Amino acid sequence: MGGPATVVTRRSVAGGGLVVAAATVVAWALAYPQSPMGGAMVRAVADSAAVVTLGLASVPLLDDIRHRADLTRTAARPLVLAAAVWAVAELVRLAVVAAQAAGLSVQHVGVRTVAEFAWYTTVGRSGLVSIVAALAVCGVALAAQRSTTTPSAAAVYATIGITAAGVAARTLAGHLAESPFGGLAVAVHALAAALWCGMLAALVLTVTHRGQWARVLPRFSQLALGCVAVLLVAGIVGSFVRLQSPVDLATTGYGRLLTAKIVVTAGLMVIAWRNRAGWLPAARAHRSSAGLSQRRSLIELAVMTVTVTFAAALAVTG
């Protein structure tokens, strides 16, 4: 049947799936006819899974050293599942992109066509890097779950590095790849956003006690401030490289979707700041129950999911 933590996890995953689906439809409508719904949906699922994978790989670092082993073990199982979903979604995405490049439907694209696309194109090779990274993390997490010993700090950092490489790989082959400066900006932006959103998702999936929230939330809050500063700067740089004129924000599908993403991100920052002002002191003083912390996290995480979905749709918008 599963305990309360399992129920929360299932509801969180189901709710996240619904948010991704709804946000994809909105993104498609904003960017129509420049954004393919199928490509945006697959990309959103892959990106969301990658974000959660990065968060679960990194979340043990938020706890005290004496409690870090427990959090590492708790995160192992959801990390296996998140990395597996990421790998499958990346494989499907690779097939979808290969079919689009060949002018075929996904049902009629063959294994040979996908393999050639993956090997001979920059976009395909970047997708392979993400798939290999996801499979590697899945394997490491599965081994850690079955082991009786706690993974070393070096293993934890290696897992984080592999995941980060997989997250960044596709951004370096996107719209801004022709500009080294723009490509670097969007990669940094994606990693900062993934760490911020992924860490909060990991907390929802792994932290179940008031005392844990009191320990990890202040550290997450400090990390989030740094991530927000980095993603804002990198996002502004990337936008200047991609857009020809401010008018494009209203007259092009990409611009309208980018505008919506900026608005949602601004709302997310307001929510995050209010949580920092009210929820953080209460959690630090053990005045916030685990249930209340879960609910506050889920509200913020839902808005984050919309932002991640819009970003995924931007990546496939012509």
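How far is the sulfur of Cys227 from the closest cysteine sulfur, and in which residue does that sulfur lie?

## Cysteines without a bond

In this predicted model, the sulfur of Cys227 lies 8.8 Å from the closest cysteine sulfur, which belongs to Cys197, and this is too far for a bond. A disulfide would need the two sulfur atoms to be within 2.5 Å, and the structure as a whole holds zero disulfides.

Two of the cysteines can also be described by how much of their area is accessible. Cys227 counts as buried because its relative accessibility is 6%, and Cys138, at 16% relative accessibility, counts as buried too. Both statements rest on a cut-off, since a residue is called buried when its relative accessible area is under 20%.

## The largest nonpolar core

The largest nonpolar core of the model is made up of 53 residues, and among these Val59, Trp196, Leu203 and Phe220 touch the most other members. Several helices each supply at least two residues of this core, namely α2 (37–58), α3 (65–102), α5 (122–146), α6 (153–171), α7 (180–206), α8 (210–242), α10 (253–284) and α11 (290–315). The helix that gives the most is α7, with eleven residues.

Trp196 offers a way to look at the surroundings of one core member in detail. When its neighbours within four places in sequence are left aside, Trp196 is in contact with Phe220, Ala224, Cys227, Val228 and Leu231, and also with Leu268, Ala272, Glu300 and Met304. Cys227, whose sulfur is too far from that of Cys197 for a bond, is therefore one of the residues that Trp196 contacts.

## A second core

Apart from the largest core there is a second, separate one, which has 13 residues and includes Ala31, Tyr254, Ala313 and Leu314.

## Aromatic pairs

A search of the whole structure finds two aromatic pairs. One of them joins Trp28 and Tyr32 in an edge-to-face arrangement, with 5.3 Å from centre to centre and 70° between the planes. Trp28 counts as partly exposed, at 31% relative accessibility, whereas Tyr32 is exposed, because its relative accessible area is 52% and the cut-off for exposed is over 50%.

The other pair consists of Trp213 and Trp279, whose ring centres are 5.8 Å apart and whose planes meet at 55°, so that the pair is tilted. Because Trp213 lies in helix α8 and Trp279 in helix α10, this pair ties together parts that are 66 residues apart in sequence. Both Trp213 and Trp279 are buried.

Conventions: Residues are numbered from 1 along each chain as its sequence is written. This is a predicted model: local features need pLDDT of at least 70, side-chain atom pairs count only at pLDDT 80 or more; totals for chains, interfaces and linings use all residues. Side-chain values use heavy atoms; hydrogens and water are left out. A nonpolar core is a set of buried Ala, Val, Leu, Ile, Met, Phe, Trp, Tyr and Cys residues joined through side-chain atoms within 4.5 Å. Buried means under 20% relative accessible area, exposed over 50%, partly exposed in between (1.4 Å probe, protein chains only). Helices (H or I, at least four residues) and strands (E, at least two) are DSSP runs, numbered from the N terminus. Contact means heavy atoms within 4.5 Å. Rings of Phe, Tyr and Trp (its six-membered ring) pair if their centres lie within 6.5 Å; planes under 30 degrees apart count as stacked, over 60 as edge-to-face and the rest as tilted.
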